[in-house]
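Here are a few exercises to help you find your way around a new structure. Try each one yourself before reading the solution.

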Amino acid sequence: MRDFTGSVAEKLGVQAPPVRIDSQAKYGALARGDGAIYWRFPHEGYRETIWDHAAGSIVVTEAGGVVKDASGNDLDFSKGRYLDRDTGIIATNKQLMPSVLKSVQEAIKEKKQASSPL
């Protein structure tokens with residue numbers, strides 16, 4: 001959903017190009033300060049598996065960061081192999097999380113309004 005992430009980045013004033021990293025290396029890079037925000041917004045219907053995010057979430061949290069879903073809820077790894085949210089995952093520091101969540105929610109609202117037939 002690169003159009004969506006581009007919209008969120010624009011709202012936040014992000015000017016750096018995105019860096020795409022596979023695996024949980026992205027969480028390690030964020031935890032050691034090589035980036036400020038990691039977000040993942042999968043296409044509709046995709047279900048995130050817990051093994052793609054559980055360990056990385058711990059690494060970021062132990063480094064002082066925060067990992068939430070796009071609604072601002074903690075990730076719940078107790079529901080089996082899949083996360084029960086399909087809205088996205090955001091990892092960043094405690095200072096940036098409120099503004100990132102606000103920008104994401106605005107972009108979600110705009111996306112829903114644009115796809116509404118009214």
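**Exercise 1: the overall layout**

Starting at the N terminus, the protein chain goes through its elements in the order α-α-β-α-β-β-α (helices are DSSP runs of H or I with at least four residues, strands are runs of E with at least two, numbered from the N terminus). This is a predicted model, where local features need pLDDT of at least 70, side-chain atom pairs count only at pLDDT 80 or more, and totals for chains, interfaces and linings use all residues. Residues are numbered from 1 along each chain as its sequence is written, and side-chain values use heavy atoms, leaving out hydrogens and water.

Task: work out how many helices and strands the protein chain has.

Solution. Count along the order: you get four helices and three strands.

**Exercise 2: one helix, two sides**

Task: find which residues of α3 are buried and which are exposed on the other side.

Solution.
- Step 1: α3 covers residues 54-62, and Gly56, Ser57 and Val60 are buried there (under 20% relative accessible area, with exposed over 50% and partly exposed in between; 1.4 Å probe, protein chains only).
- Step 2: looking down the axis of α3, those buried residues fall within an arc of 100°, so they line one face of the helix (the arc uses directions from the helix axis to the C-beta atoms).
- Step 3: flip to the other side of α3, and Ile58 and Glu62 are exposed.

**Exercise 3: the cover**

Task: name elements that cover the buried residues of α3.

Solution. The cover includes α2 (25-31), β2 (65-69) and β3 (89-93).

How values were computed
Contact means heavy atoms within 4.5 Å.
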